[in-house]
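Reader: Got a minute to go through this model with me? I'd like the fold, the core and the cysteines.

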Amino acid sequence: MPPASRRSRFPGLRLAQRAAFTTNGGLSAMYSPPAETGCLSSDWVERYRADEPRIVYVVLSYATPIAWIRDDGEVVIPACRYSLTTTRHQRLCRIWL
């Protein structure tokens, strides 16, 4: 599937469906958690590592996990501040997950 525009409704709908996707704007989602944690703060890296065996869906802004869903249905969206673009990605997660 070709990447979708980050300005379309596509990312939000794919988030709501818990589907894997990539966009041209650095937002992506997948079913298995990547080992890389990008710019995630050290406190949240610890939480991510603890949750890693139970993560069934993870949303990345560039290389940083900005939201994940555990196998028990818990949605985790770290309370971290990033760039304007990543803040927009976080907002999409809060709305659609």
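Author: Here is a quick walk through the fold, the core and the cysteines. Keep in mind that this is a predicted model.

Reader: Fine. What pattern does the chain follow along the sequence?

Author: Reading along the sequence, you get α-β-β-α-β-β-β-α. That comes to three helices and five strands.

Reader: How does β1 run relative to β2, parallel or antiparallel?

Author: Antiparallel. Strand β1 covers residues 21-22, strand β2 covers residues 27-30, and two bridges join them. F21 sits opposite A29 of β2.

Reader: And what about the turn in that hairpin?

Author: Four residues lie between the strands. One of the hairpin's residues, G26, has a positive phi near 90°.

Reader: How many bridges join β2 to β3?

Author: Four, and that pair is antiparallel too. Strand β3 spans residues 55-61. A29 faces V59 of β3.

Reader: Switching topic. Which residues make the largest nonpolar core?

Author: There are 10: L15, F21, L27, A29, Y57, V59, I66, A67, I69 and C93. β2, β3 and β4 (64-70) each supply at least two of them. β4 gives the most, with three residues.

Reader: Anything outside that core?

Author: Yes, a second, separate core has eight residues, including L40, V45, I55 and L60.

Reader: Back to V59. What does V59 touch?

Author: Leaving out residues up to four places away in sequence, V59 contacts L15, L27, S28, A29, T64, P65, I66, A67, C93 and L97.

Reader: Now the cysteines. How many disulfides does the structure hold?

Author: Zero.

Reader: Why is C93 not bonded to C80?

Author: Because the distance is too great: the C93 sulfur is 13 Å from the one in C80, its closest cysteine sulfur. A disulfide needs the pair within 2.5 Å.

Reader: And C39?

Author: C39 has the same closest partner, C80, but the sulfurs are 10 Å apart, so that is too far for a bond as well.

Reader: Is C39 buried or exposed? And C93, buried or exposed?

Author: C39 is exposed, at 59% relative accessibility. C93 is buried, at 0%.

Reader: Last one. What is the radius of gyration of the chain?

Author: The chain has 12 Å. A compact globule of 97 residues would be near 13 Å, so the value agrees. The C-alpha trace spans about 35 × 25 × 20 Å along its principal axes.

Reader: What share of the residues counts as buried?

Author: 40% of the 97 residues. The chain exposes about 5400 Å², with carbon and sulfur atoms supplying 53% of that.

Notes
Residues are numbered from 1 along each chain as its sequence is written. This is a predicted model: local features need pLDDT of at least 70, side-chain atom pairs count only at pLDDT 80 or more; totals for chains, interfaces and linings use all residues. Side-chain values use heavy atoms; hydrogens and water are left out. Buried means under 20% relative accessible area, exposed over 50%, partly exposed in between (1.4 Å probe, protein chains only). Two strands pair if DSSP finds at least two bridges between them. A nonpolar core is a set of buried Ala, Val, Leu, Ile, Met, Phe, Trp, Tyr and Cys residues joined through side-chain atoms within 4.5 Å. Contact means heavy atoms within 4.5 Å. The radius of gyration is taken over C-alpha atoms; the globule rule is 2.2 Å times the number of residues to the power 0.38. Accessible areas come from the Shrake-Rupley method with a 1.4 Å probe; for residues, only the protein chains shown count as cover.
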